[in-house]
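Q: Hi! Could you walk me through this structure? I'm new to this.
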Amino acid sequence: MKKIVLFCVVLFISCQNEKSTFSGLIVNKHDVEKIEIMPLENENALLDYKIVKLETNSNSLLAEINQMEIVDNYIYVFDKKGKSVKKFTVDGKYVTDIGKRGDGPKEYLEINAFYVNKERRNVNMFDPMRKAILRYDLEGNFMNIIKTNNDNLNFIIKAAAIGNNEVFCHSASNWCENYAFFILNENDYSIKKIIRYHPGKSGKWTSFSLATNTFSICGDKVDFVSLFSDFIYVYKKESVSEFMLITDHKSSLSNEMIDKKMKEYNNDMLKLMIDVCKSDNYTIGLSEIYETNKYILCNYFAYDLTLTTRSVLWDKERKLCYRLSNDFSAPNFCNPLHSFDDTFVRVWNGNEIDNFKDAVKNGIYQASQIPQNIMNSIKDYNEENDNPILIFYTAKKP
């Protein structure tokens, strides 16, 4: 059986980095002291898990799941390809669609992102075609529409309400102002504060992103990560600070170097990223972050996608760091889509499930070592007709 979870204990120190004025937690992601296999069902496993099969019918069928919010034991999922936001119970039963696509006054034409404001009890959709934000209640009933001429909203990948009428946003690299992270005023969706720009700038009419979950909310703070940086940054009380450095001691590209390289590559950021991934001298940075009450999980870019250790898990209570296997086909928690409270939520999509079933059939994974309820959940799974499966990984109670 392939390794499901690799881990090592890594010492952390509070010190001053020789190349910067940073003083805080420093973790060397390659300082491996011990590696063990940790199956999903084991007395040493870090998390318990629960499988949720989303109901499949003509109304609930999803093409993909790009974003998720969980409110009052209901799951709200955004399907960008299917151009819809759907509501399910936490047990997977389909409830309703939020809003409806069309050209009517209460309908949306397109969705590039959505978020739920738990305090105000509403669902908000960014519609780049109508240049507006459409607002619905939690049951899917139309409330109002807010028009805007802010083109930066067209590139939003993820947004989240953080209180004080603020919406924290992450955008794709683009040819406009090229904001990476910024704060919106929820009353009129004007930009209240620019947090960080994307390094370099895309060519005209070019926009892309290789990461969809670059920030995570826990309590009253927002943790976020960025391309070409090994830092975890924190936004709290209208200020930004560096919280943790997860490093392999490679250098970071300066903005001047990035601008120079982008000119050489005709604004092809993907080519620059591939070259940096291959480099032994420069870091490509962290790509995604998920935080729960107990853990911070970070994934980092790697040119060689066959590498199995591209994730680190920080135990906030015990001050320990774990190296994790993130085989995309296996049902592990290294590639979640959402995190909340004590839980990571993994979307196991049809293609991954089919690849996993083939791996079991061909003996790459031993069926006897896979939890029986996982095998039962995918026994009759049909990629074309069934919705993705959700796996909830929750921190074990001491």
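A: Happy to, so let's start with helix α3, residues 350–361. At 1.5 Å a residue, its 12 residues should span 16 Å, and the end C-alpha atoms are 16 Å apart, which agrees. The expected span is 1.5 Å times one less than the number of residues, and helices here are DSSP runs (H or I, at least four residues; strands are E, at least two), numbered from the N terminus.

Q: Is this a predicted model, and what should I know about the numbers?
A: This is a predicted model, where local features need pLDDT of at least 70, side-chain atom pairs count only at pLDDT 80 or more, and totals for chains, interfaces and linings use all residues. Residues are numbered from 1 along each chain as its sequence is written, and side-chain values use heavy atoms, leaving out hydrogens and water.

Q: Cool. Which residues in α3 are buried?
A: G350, E352, I353, F356, A359 and V360. Buried means under 20% relative accessible area (1.4 Å probe, protein chains only).

Q: And what do they pack against?
A: Those buried residues pack against β25 (343–348), α4 (372–378) and β26 (389–395), with contact meaning heavy atoms within 4.5 Å.

Q: What comes just after α3?
A: G363, with a positive phi of about 85°.

Q: New topic: how many helices and strands does the chain have?
A: Four helices and 26 strands.

Q: Which strands form an open sheet?
A: β20-β21-β22-β23, in that order, with antiparallel pairing; strands pair if DSSP finds at least two bridges between them. Five bridges join β22 (residues 311–315) to β23, and W314 stands opposite C321 in β23.

Terms used
Buried means under 20% relative accessible area, exposed over 50%, partly exposed in between (1.4 Å probe, protein chains only).
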